[in-house]
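I opened this entry to record what I looked up in one structure. The notes follow the order in which I went through it.

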Amino acid sequence: MTTNESPEALERLIEHALHELPLRQAPPALESRVLRELARRAALPWWRRSFAHWPLPARAAFLVVCGALISVAFLGGTTAVAGIRSLAWAREVGAITDSAADLAALLARSAPPIWVYESIAVCAVLYAALFGLGAAAYRTLYLQPPGSSIP
């Protein structure tokens with residue numbers, strides 16, 4: 001091949017050379033394991049497979065049930081769904097969460113900015129110390145110097 005040939009010609013030449021190569025065979029142990037796994041997956045019942053392999057009525061029923069549960073969650077239990085108790089406790093949990101968020105916001109507004117910067121710096125130093133201690137412990141416990149006779 002000369003240097004003035006186009007990249008497309010080089011690509012065609014390489015593709016032709018690669019297509020002439022024989023296909024490689026998988027090792028027998030790998031081939032048997034793959035075939036065994038494929039047979040195992042084919043023998044699974046429909047509900048243990050992915051959603052795309054479910055029968056159409058099962059998929060439709062699943063979507064209807066999910067829609068009903070979503071509506072119950074968003075409406076806070078005011079939807080009249082037979083057999084489902086009111087989710088009034090969810091409102092109480094939401095009120096507690098709102099109160100905790102308000103407290104955190106109040107504390108964040110009242111803290112001087114220098115405290116925030118110092119807290120970030122302390123966290124960074126502690127993280128670096130933890131990383132260093134972990135590396136030192138790994139070196140001490142798992143890496144042995146060459147020629148060492150420690151069991």
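**Contacts and overall make-up**

I began with contacts between residues at least 6 apart in sequence, and found that 0% of them join residues at least 24 apart. The model is predicted, so I looked up the confidence next, pLDDT being the predictor's confidence in each residue. The mean pLDDT of the protein is 85, and 85% of the residues reach 70 or more.

I then went through the elements. The protein has five helices and zero strands, and from the N terminus the order reads α-α-α-α-α. Which element has the lowest mean pLDDT, and which the highest? Helix H4 (residues 88–110) has the lowest, at 86, and helix H5 (residues 113–142) has the highest, at 93.

How much of the protein is buried? I noted that 4% of the 151 residues count as buried. The accessible surface comes to about 13600 Å², and carbon and sulfur atoms account for 69% of that surface.

**Salt bridges**

I searched the whole structure for salt bridges and got two. Glu 37 takes part in one with Arg 40, where the side chains meet at 2.6 Å, N to O. Glu 37 also meets the side chain of Arg 41, at 2.9 Å, N to O. I therefore entered Glu 37, Arg 40 and Arg 41 as a network of salt bridges, a salt bridge being a side-chain nitrogen of Lys or Arg within 4 Å of a carboxyl oxygen of Asp or Glu.

Where do these residues sit along the chain? Arg 40 and Glu 37 are three residues apart in helix H2 (residues 28–42), so about one helical turn separates them. Glu 37 and Arg 41 both lie in helix H2 as well, four residues apart, which is about one turn of the helix.

I also checked exposure. Glu 37 has a relative accessible area of 29%, so I put it down as partly exposed. Arg 40 has 44% and is likewise entered as partly exposed. The class runs between the 20% cut-off for buried and the 50% cut-off for exposed.

**Aromatic pairs**

How many aromatic pairs does a search of the whole structure find? The count is six. The rings of Trp 46 and Trp 47 have centres 5.9 Å apart and planes at 90°, so I entered this pair as edge-to-face. The cut-off for that label is planes over 60 degrees apart. Trp 46 is partly exposed because its relative accessibility is 38%, whereas Trp 47 is exposed because its value is 54%.

Next I took Tyr 138 and Tyr 142, an aromatic pair that is tilted, with 5.5 Å centre to centre and 35° between the planes. Tyr 138 and Tyr 142 are four residues apart in helix H5, so about one helical turn separates them. Is each of these residues buried or exposed? Tyr 138 counts as partly exposed because its relative accessibility is 44%. Tyr 142 counts as exposed because its relative accessibility is 60%.

I also looked for groupings beyond pairs. Trp 46, Trp 47, Phe 51, Trp 54 and Phe 62 form one aromatic cluster.

**Nonpolar surface patch**

Last, I looked up a nonpolar patch on the surface. Which residues form it? The patch is made of Leu 10, Leu 13, Ile 14, Leu 18 and Leu 21, and together they have about 470 Å² of accessible area. I followed up on Leu 10, which is found in helix H1 (residues 7–20). Its relative accessible area is 35%, so Leu 10 is partly exposed. Patch residues need over 30% relative accessible area, and Leu 10 has 35%.

Technical notes
Residues are numbered from 1 along each chain as its sequence is written. This is a predicted model: local features need pLDDT of at least 70, side-chain atom pairs count only at pLDDT 80 or more; totals for chains, interfaces and linings use all residues. Side-chain values use heavy atoms; hydrogens and water are left out. Patches are made of residues with over 30% relative accessible area and no salt bridge: like charges are joined within 9 Å, nonpolar side chains (Val, Leu, Ile, Met, Phe, Trp, Tyr) within 5 Å. Accessible areas come from the Shrake-Rupley method with a 1.4 Å probe; for residues, only the protein chains shown count as cover. Helices (H or I, at least four residues) and strands (E, at least two) are DSSP runs, numbered from the N terminus. Buried means under 20% relative accessible area, exposed over 50%, partly exposed in between (1.4 Å probe, protein chains only). pLDDT is the predictor's confidence in each residue, from 0 to 100. Rings of Phe, Tyr and Trp (its six-membered ring) pair if their centres lie within 6.5 Å; planes under 30 degrees apart count as stacked, over 60 as edge-to-face and the rest as tilted. Contact means heavy atoms within 4.5 Å.
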